[in-house]
Amino acid sequence: MTLELRQVGKAIGPEVHIYPTDLLLEPGQFNILLGTTLSGKTTLMTLMAGLEKPTSGQIWFNGRDVTGEAVQKRNVSMVYQQFINYPNFDVYENIASPLRVARLPEDEIRKRVTHISELLRISQMLDRRPDELSGGQQQRCAMARALVKDSDLILLDEPLANLDFKLREELREELPRLFAERDCVVVYATTEPTEALLLGGATATLHEGRITDFGPTERVYREPVDLNTARVFSEPPMNLATVEISNGVCRLTETLSWPAPAILSDGKYTLGLRPHHVSPVQVQADWVPVESTIKVAELAGSESIIHFESYGNQWVSLVHGVHPFETGAAAVLYADMAHAFYFSPDGKLSAAPTVGYGRTKEGN
Amino acid sequence: MIRMRWLVPTFYILFLMLPIYWLVSMSFKTTNEILGAFTLWPQNPTLANYRTIFTDPSWYMGYVNSISYVTLNTVISVSAALPAAYAFSRYRFLGDKHLFFWLLTNRMAPAAVFALPFFQLYSAIGLFDTYLAVALAHTLFNVPLAVWILEGFMSGVPKQLDETAYIDGYSFWRFFTRIFIPTIKAGIGVAAFFCFMFSWVELLLAKTLTAVAAKPIAATMTKTASSSGYELGLLAAAGTLTIIPGAIVIYFVRNYIAKGFALGRV
């Protein structure tokens, strides 16, 4: 059971929403669409579901061309970011609704609704109306409706985004269990890199209507194919700077330099460094000191997020511990350049960090 | 100071209720008492006026006629407005905003403008003096109003509800009747209420387009004098009865109206 997009594109008038895209999604894992708001995640999902027809290309499901086939015939399920339930039905009828349309026998419906509502822990509120439920319960109800029928394709469009932190954690932990025994293709859209990493599976990064990279989530995170992928897959945003490499030395300024990765030839590169590899404390001797002006330091409990300007670049540091800084203060922060990405001027990845992930330099 | 807080609303309500009280009180008086002396309440209360109305077909048929064409109009207006409002709220098409505004401009012309063309047209096609004639004429301003109100309520329902229903396997019509209409029933209540009210109080078109068979109660009431002189008590009774249907409708939709105001469209 696979979902395959072949050169699928969507344009509304002169405005391109999705550029021609090839994608092969497999069952048995989370297929994550990671991208910022307006990157085209929802559009891509409505195309996959068949709610909208692509302006170009074909959609194949299980070796069958389903392009343009009505959504009612497709056996898909979808959960939206907004909690969508039928307000005039109680929770039981909400969950039962796809089965009723499919004209299943009454006892079969009751069996399935009971089972799925226990799985999602809403069996206590089957006789309530959706607007009498809390946000988390409403979304559980919507999920139960999506899971109650044996869909071939389940689309989850930022299902946890409108929930508060605690409920989000709770439901996210349950997600893998809910899909474990199903033979279906699961697509999960999110804006949060952390969520993608926690769910694992495969990730496709979306940037302005294009899929920039697709592969195992771990790989996309460790070795993003290009700069856009790396930026989409970094929160807070990745720190960028233009650097120059000559004779094995990488320079940010005339005086600030460090050894460049051996595989890189001379020339200009874009440096990318994740925020947690910049710190106000020098832990290792090879960390590069960067002179900075503090813009704002946010103290989030046990973490500090320090926004600063350094050599004309806006950078962010994300560190454990409380590191208060005055706004406008001059400071020296330390950049762990061994964890830096190097992108060529056209945005392609030239070198990924080779340390710290349980692999040796030699092994890479 | 706090103690006196009831004063202003009390005066306001008294002020509002005074004409209605006067009307009701007159309806229980004889014409002689009304014309004879200033009395705050009926000195010799009588039900004769009401008896006349309920027994004389030329009176009570006025109510039957009015309620008939008003109901017909409400049904036509809301049924026509439902699909139109759905289209305006869900689809983008060429000129949709202009069309929406143009619909509203139909409300801006005085009814007198349309009286003559309607009269001529309906006479020519044999619709003159029927319930349908008045009901259709009133759709001219009630359909745009209903579209406007319903569009507001429908736009408050996320498009994802439609999509979820299609994904669950609902056909469009099944979704529209089983899920969508119940979801916006408050809006339908509000729209129906306003259609009812505007059609109920409209006099000019109703009077122009009818003669005998479909003559509205308000037209009956305008024959102020009869062979026996002024019959003010009778008129007051008729007026009192005219208020009642509106009051009943308001009672049933009061919660919906509040919701409609909250959504900012009414």
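What percentage of the 364 residues in chain A is buried? Buried residues make up 42% of them. Before I go on, a reminder that this is a predicted model.

I'll start with the two chains. Chain A has 8 helices and 21 strands. Its C-alpha atoms fill a box of roughly 75 × 45 × 45 Å along the principal axes. Of the contacts in chain A with a separation of 6 or more, 65% are between residues 24 or more positions apart.

Chain B has 13 helices and 2 strands. The C-alpha trace of chain B spans about 75 × 65 × 30 Å along its principal axes. In chain B, 35% of the 266 residues are buried. Residues 24 or more positions apart make up 82% of the chain B contacts with a separation of 6 or more.

Now the interface. On the chain A side, 17 residues are in contact with 14 residues of chain B. Which elements of chain A each supply at least two residues to that side? They are strand 6, residues 76-79, and helix 2, residues 91-101. Sorted by class, the side of chain A that touches chain B holds 12 nonpolar residues, 5 polar residues and no charged residues.

Next, the domains of chain A. The domain assignment gives domain 1 as 3-231 and domain 2 as 236-351. Their C-alpha centres are 37 Å apart. The contact between them draws on 8 residues from domain 1 and 9 residues from domain 2. On the domain 1 side of that contact there are 4 nonpolar residues, 1 polar residue and 3 charged residues.

Chain A has an open sheet of 4 strands in the order 2-1-4-5, paired antiparallel. The edge strands here are strand 2, residues 15-25, and strand 5, residues 64-65, and each of these pairs on one side only. Strand 1, residues 3-12, is antiparallel to strand 2, with 7 bridges between them. Within strand 2, A:Thr21 is the residue opposite A:Val8.

The sheet I want to spend time on is another one in chain A. It is an open sheet of 5 strands, order 15-19-16-17-18, and its pairing is antiparallel. Strand 15, residues 278-279, and strand 18 are at the edges with a single partner strand each, so one side of each has no neighbour in the sheet.

Let me walk through strands 16, 17 and 18. Strand 16 covers residues 288-300 and pairs antiparallel with strand 17 over 7 bridges. In that pairing, A:Leu299 has A:Ser304 of strand 17 as its bridge partner. The two strands form a hairpin with 2 residues between them. A:Gly301, in the turn, has a positive phi of about 65°.

Strand 17 then runs antiparallel to strand 18, residues 313-320, and 8 bridges join them. For A:Phe308, the bridge partner in strand 18 is A:Trp315. For A:Ile306, the bridge partner in strand 18 is A:Ser317. Strands 17 and 18 of chain A also make a hairpin with 2 residues between them. In this turn A:Tyr311 has a positive phi, about 50°.

Which side chains of strand 17 point to the buried face? Strand 17 spans residues 303-310, and its side chains alternate. A:Ser304, A:Ile306, A:Phe308 and A:Ser310 point to one face and are buried. A:Glu303, A:Ile305, A:His307 and A:Glu309 point to the other face and are not buried. Put this together with the bridges: A:Ser304, the partner of A:Leu299, is on the buried face. A:Phe308, which is paired with A:Trp315, is also on that face, and so is A:Ile306, whose partner is A:Ser317.

Last, one helix from chain B. Helix 6 covers residues 111-124, which is 14 residues. From its first C-alpha to its last it reaches 20 Å, close to the 20 Å expected at 1.5 Å a residue. Where is the kink in this helix centred? The kink is centred on B:Pro117 and comes to about 25°. After helix 6 comes B:Gly126, with a positive phi near 75°.

That covers the chains, the interface, the domains, two sheets and one helix.

Terms used. Residues numbered from 1 in each chain as written. Chains lettered and ligands numbered in written order. Predicted model: local features only at pLDDT ≥ 70, side-chain atom pairs only at ≥ 80, totals over all residues. Contact = placed C-beta atoms within 7 Å. Nonpolar A, V, L, I, M, F, W, Y, C, P; charged D, E, K, R; others polar. Domains from an automatic or database assignment. Pairing = 2+ DSSP bridges. Buried ≥ 20, exposed ≤ 12 C-beta atoms within 10 Å, placed from the backbone. Expected span 1.5 Å × (residues − 1). Bend = angle between axes of the 7 residues up to and from the residue.
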